[in-house]
Amino acid sequence: MSKTIDTLAIFDESNRLYFTGKETSFGCVLVNANESFLITDFRYAGYVRDCEGFTVKIIEAPALYDTIRACLGQVGAKAVGFEDDRLSYAEYSRLKSELKGYTLSPAGAVVRAKRAVKTDEEIAKIAASQVFNQTCLKKVVSQIKPGVTEREIAAQLTYEYLRAGAKPSFDPIVAFGANAAVPHHKPSGKKLEKSDVILIDTGAVLDGYCSDMTRTFCLTDPGETMRKVHSIVLEAQLYALKHIKAGMTGREADSLAREYITAHGYGAQFGHSLGHGVGVEIHEDPRLSKFADETLTENMIVTIEPGVYIDGVGGVRIEDMAVVKADGLKNLTDFSKNINL
């Protein structure tokens, strides 16, 4: 909590999930040192009543702000932090109107910083999510054969998550051949040919926490260009995984892979950042990019995902998820990176 804020008013759904461990589509969470509140409606009454550390208020929607004011009065709040990075202008205007008499201070950065550094429990959940993600991907990869479509593989991944009680952390990216040159390609009806590169970027949400992983491979021989590019991307990723550690900035971390790829002539084809944080959302702080000056600290969880994309030919991205430590990264990913899985 900031020194100028005594209470956080949390409206964003993912932030509510982070603070309470409960996924609700309506409500507000008030976080105060003396007493914290989870305010929601009848639909979630049975689900949230055991929310540890929070006094639960079940209300009808029109009573939301009356209840917020009553709770703030109960804890003697004076300075309320709000999610300036999440609220729309209309939502902020309503908040300002309803909470006259309280000092409102932007607190988006406070929340982002808290979420960026994971607890031991969070790390364990994210690690379990990645193990689960790998198990599902391994099963699907074993079923890939010429003639299958990108959409069919994406659907199979989603099915594997759902049947086990999880869900995708984002729409799976499945790209064959030249489609792999589009980093965020939407799966299509393209059928796999034997020599196509296969790029799969996928993740799950298990027990409220996300996982993320990308592999690029081929059933046979992808040709000299793609073999070369795969080798360059893999070496760049391994170098970054070996040298990133707490105390570096996101810019410095990004440069470890970017300079290697640039030195091998593909700098212009690496057009995205090296990585991002992962937690209850698939993209969180910190950012590992050439524009990121934030310092990495212990127990942040980040992806390391360099890529090279050649228009009309194909692309390669290899992504692991790792925990930042003082002496380096602890990789949470254990899945083959060979060009032929």
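## A buried arginine

R115 is buried, with a relative accessible area of 4%. That figure comes from a predicted model, as do the other values in this report. The verdict follows from the cut-off: R115 counts as buried because 4% falls under the 20% limit for that class.

To find R115 in the structure, look at helix α5, which covers residues 108–116. Beyond its neighbours within four places in sequence, R115 is in contact with S14, N15, Y18, R86, V280, E281 and E284. With one of these residues, S14, there is also a polar contact: the side chains of R115 and S14 make it at 3.4 Å.

## A three-stranded sheet

Let us turn to another part of the model. Here an open sheet is formed by three strands, ordered β8-β9-β12, with antiparallel pairing. Its edges are β8 (173–176) and β12 (213–218), each of which pairs on one side only. From one strand to the next, the twist averages 10 degrees.

If you would like a closer look at one pairing, try β8 with β9 (residues 197–202): the two run antiparallel and are joined by four bridges. In this pair, V174 stands opposite I200 of β9.

## Helices on the sheet

Helix α6, residues 120–141, packs on the sheet and touches β9 and β12. The direction of α6 makes about 25 degrees with that of β12.

Helix α7, residues 150–163, packs on the sheet as well, touching β8 and β9. For α7, the angle is given against β8, and the two directions make about 150 degrees.

Terms used:
Residues numbered from 1 in each chain as written. Predicted model: local features only at pLDDT ≥ 70, side-chain atom pairs only at ≥ 80, totals over all residues. Heavy atoms only, no water. Pairing = 2+ DSSP bridges. Axes fitted to C-alpha atoms, helices over the stretch in contact; angles between N-to-C directions. Contact = heavy atoms within 4.5 Å. Buried < 20%, exposed > 50% of the residue type's maximum accessible area, 1.4 Å probe, protein only. Polar contact = N/O pair within 3.5 Å; in protein donor to acceptor, adjacent residues only side chain to side chain.
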